[in-house]
Amino acid sequence: MTDLSLSNKAIAGKTAPPAEARSLRLPTQWLGVTPFFIFAVMFLILPTLYLMLGAFQNEAGEFTFANIVALFSANIVAAYWISIKVSLASSLIGAFAGLAVAIAIVRGGLPDWIRSATLTFSGVASNFAGVPLAFAFIATLGRLGLVTVLLNTLVGLNLYAHGFNLLSFWGLTITYVYFQIPLMVVIIVPAIDGLKREWGEAAATLGATQAQYWRMVVIPVLWPSFLGTVILLFANAFGAIATAYALTGSSLNIVPILLYAQIRGDVLHNAHLGYAIAFGMIFITGLANIFYIWFRTRSERWLK
Amino acid sequence: MAEPFLSIQHVRKSFGATTVVEDFNLDVAPGEFVSFLGPSGCGKTTVLRMVAGFEEPSAGKIVVGGKDITKLKPNQRNVGMVFQAYALFPNLTVGQNIAFGLKVAGMPKPDADRRVAEMLDMIKLPQMADRYPYQLSGGQQQRIALARAIAPKPKLLLLDEPLSALDAKVRVSLREEIRSIQKKLGITTIFVTHDQEEALSISDRIAVMYGGKAEQVGTPFEIYNRPATKFVANFVGTLNVLEGKVTDAASGKVQVNAQEVSLKGKLNGSKSGDTLSLALRPEAISLGRQPGHDTSLSGEIAEVHFLGSVIRVRVGIGGNTVSLDTFNNSATPPPAVGDKADISFSSGDMLVLH
Amino acid sequence: MKAGKFWAWVVFILGAAYFFIPLIATVEFSLRMRRGVYSFDAYKVVLGDSQFQATFIFSVVVAIFTILLGVLIVVPTAYWIRLRLPQLRPVVEFITLLPLVIPAIVIVFGYIRMYGSNSPLPFLGSNLGANALLVIGYAALALPYMYRAVDTGLRTIDVRTLTEAAQILGAGWGTIITRVILPNVLIAVLSGAFLTFAIVIGEFTMASLLNRPAFGPYLQNLVANRAYEPAALSIIAFAITWGCMSLIQILSRFAPRSANRPN
């Protein structure tokens, strides 16, 4: 009996007049996503906007381009330049090496366990950054690192005498590649899995060589996901600080370290120049993403 | 047969310890349309893939136009292939897909464009050249795939269950279209399917395969009416199987549920008292005694299914059940379950299954 | 084909060498604390260090709160987007991807300026507030991973039908979320949680700039001042990351398969 009355009530509620239902429904409709949007606005969008606006204000709060102009001082331009170089080099090396590894494990006819082991390891290594990673490379390629010492004693090759330095552009790039390759593998393997075996067979029966098939089908199909991942790797390296900081202290002048120092101690003696540096970082990663979106819409009319 | 165009000779294929295809032999005449029919895992697709060059035979050879192609790579064989899942290149337009083989072969663009237009006309999709595959229905995609396979004028056309992914109506119309295009171009074709109706309706000949072997190769008429083995009889069409006891092997007399039937011809290899499997197609049987039918059996109506134009009746004869179809006739009501009934047929239609 | 397989092996072995040599070198280094022999001294020193224990526990607690906050924000949103507001999907997905574009250091810089002790919302005016802000910042960093994990989980379980079935049986929203949806996406939520844990546990930038006594800054400080202990800690950190990823892997085997498809 209770059950019956309950379900009757539920039905009565359901068939309430439409006007009443609508006035009740609209706010509840949005209620479910409100916490998310409050969170996003307060802790992602507003703080970022705050810096972006601050980049165009002087100490008195007046609009100015002076901070942006000040970005073009030699010291800051150099920092941006080396950051861009390291990010670009590590993302490109990481992307191509990661692609090679992904193709090897998916299409190379290697045993199955290698594929799953590589994917698990990639999940780990792509999240292995910061201090532990920096230290791993110090232990490997530092002045007293295992590889440095072994090369010196076994082959007589003194890396450091040949101008190698872990605390340099190449040192940082090699270290960053450690998390860039696995990130590429994790993202691109599903895309390679998406290449159907029948495409290759159809191309073969139509007389195409393996190279022609790759040029006309595989590369165009993989290209958008590949490029998207390169952009992601670039942003990943561009914002990274812990690894570089642990590795080089402040001896390598990259943008995040410069900004870090500025936040800690206002080394530039101009708070709004700090905003401008942050603005510049978002500008560059944003630009990379806009380029990607533009490219995607242009080249991918065949995608739904 | 005249000089065969495609000759598959003693081909065998094993993967490790399992043999998938055993001693497969088939000659196909120029312009002939041959179907490989069988359940999944019977080796039909493996044979096709060996002809295409994706699998290398463990033994035997494959000859096309007098030339041994067993060792050739797929891209040197000049065969066209259509796959079950369409396999159109998603990044290319319909036109570019069809032109793929031409471009790879180095055909000048104006010639290729002309050929593409010709192909699109052939498959009756002339306006589709600039669409992308995802914008097309399954049936349209498969027609494009067919055009793409045919465009480079292959010597052989291989169709690997091309209709299985399509819905019933499209399947029927497309199979008729495939057959008419194939006839017009006179291209030698192998068609793999597990659908017996499909195979019967479009083939010049059918190879029914089971367990890696061709059980029977013959025209659809032969396969259906004179199945060589029990498997073929069961797999192709609906079949009633009755238990019969041999009473006189020399004159071909058997008993079904204690009713005597005289078979055409002798029962070689059987002796009196043996039990035999006898097969009858539903369409060979009539309800009641009919003129022209020399044999009849008595039984009882077990089930009646009204299917519209046809009424399917199942008649129990001892332990055997026989299915038969009668046309619906508005003047006579269908028989009732439990009624006594006779069935009749021509003894020539009753086959002994081995 | 044969040549392809050869090159696949070459690529794989080169890759494996690149990834394992630094690990081996670090392990080797971490064992060298006692002169002349390999020993676990460095690990003993590190694990016995009260500062290590304090910072590590702090980071674990922060990670747990981050996971809770992340789940609270992401699960209802992802669910609601699937169920009622699919038109908002592009907006929400765009927002969840923002932390991949905006560097962590920029986000935390914004926090410092906006929520300083003199601001209307002085998070940084108290220790508790600063800890809360750290949790919030980490939740923002983990947002892309958490959202993706949960959304994938929701996709495999036909949310709409489950919800409607529960409604027909008379369940209220609370019951639906806690008794029907959460248990079904639990595996996905846990995957996101372990990933969050792996990201948060050694994070340096935010913790350091918010002056929190976390594991990341402790590690950083150790690298600058010690020789063998950081190697031991690096190996421990790697093992923790590995543990989180293995748990995700194991969990994914228990994930519910879609009811609409066999297997």
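Reader: Which residue meets B:Arg179 in a salt bridge through its side chain?

Author: Happy to start there, keeping in mind that this is a predicted model. B:Arg179 lies in helix H5 (residues 168–185) of chain B, and its partner sits 25 residues away, in the loop between helix H6 (196–202) and strand E9 (205–210). The two side chains come to 2.6 Å, N to O, and the partner is B:Asp204.

Reader: Is B:Arg179 buried or exposed?

Author: The cut-off helps here: under 20% relative accessible area means buried. Its partner B:Asp204, at 28%, counts as partly exposed. B:Arg179 has a relative accessible area of 12%, so this residue is buried.

Reader: How many residues apart in sequence are the parts that B:Glu56 and B:Lys71 tie together?

Author: These two side chains form a salt bridge at 3.2 Å, N to O. B:Glu56 is partly exposed at 46% relative accessibility, while B:Lys71 is exposed at 69%. B:Glu56 sits in the loop between helix H1 (44–52) and strand E4 (59–64) of chain B, and B:Lys71 in the loop between strand E5 (67–68) and strand E6 (79–82), so the parts they tie together are apart by 15 residues.

Reader: Which salt bridge do side chains of chain A and chain B form?

Author: A nice one to look for, as the count between these chains is 1 salt bridge. A network of salt bridges also links A:Arg197, A:Glu201, B:Arg49 and B:Glu55. The pair that meets across the two chains, at 2.6 Å from N to O, is A:Glu201 and B:Arg49.

Reader: Which element gives the most to the side of chain A that touches chain B?

Author: Two elements of chain A give two or more residues to that side: helix H10 (197–205) and helix H11 (210–239). With 8 residues, the one that gives the most is H10(A).

Reader: How much area do chain A and chain B bury between them?

Author: The contact takes 21 residues from chain A and 22 residues from chain B. On the chain A side, the residues divide into 12 nonpolar, 4 polar and 5 charged. Carbon and sulfur atoms carry 69% of the buried area, which comes to about 2,200 Å².

Reader: Which chain C residue forms an aromatic pair with A:Tyr178?

Author: A:Tyr178 lies in helix H9 (residues 169–193) of chain A and its partner in helix H1 (residues 2–30) of chain C, so the pair joins two chains. A:Tyr178 is buried at 1% relative accessibility, and the partner is partly exposed at 21%. The pair is tilted, with 5.7 Å centre to centre and 45° between the planes, and the partner is C:Tyr18.

Reader: What kind of aromatic pair do C:Trp9 and C:Phe12 form?

Author: These residues are 3 apart in helix H1 of chain C, so about one helical turn separates them. C:Trp9 counts as partly exposed, at 30% relative accessibility. Planes over 60 degrees apart count as edge-to-face. With centres 6.2 Å apart and 80° between the planes, the pair is edge-to-face.

Reader: Is C:Asp41 buried or exposed?

Author: C:Asp41 forms a salt bridge with C:Lys44, with the closest N and O atoms 3.7 Å apart. Both lie in helix H2 (residues 41–48) of chain C, about one turn of the helix apart. C:Lys44 counts as exposed at 56%. C:Asp41 has a relative accessible area of 15%, so C:Asp41 is buried.

How values were computed: Residues numbered from 1 in each chain as written. Chains lettered and ligands numbered in written order. Predicted model: local features only at pLDDT ≥ 70, side-chain atom pairs only at ≥ 80, totals over all residues. Heavy atoms only, no water. Contact = heavy atoms within 4.5 Å. Buried area = accessible area lost by both parts, 1.4 Å probe. Salt bridge = Lys/Arg side-chain N within 4 Å of Asp/Glu carboxyl O. Helix = DSSP H or I, 4+ residues; strand = E, 2+ residues; numbered from the N terminus. Nonpolar A, V, L, I, M, F, W, Y, C, P; charged D, E, K, R; others polar. Phe/Tyr/Trp six-rings, centres within 6.5 Å; stacked < 30°, edge-to-face > 60°. Buried < 20%, exposed > 50% of the residue type's maximum accessible area, 1.4 Å probe, protein only.
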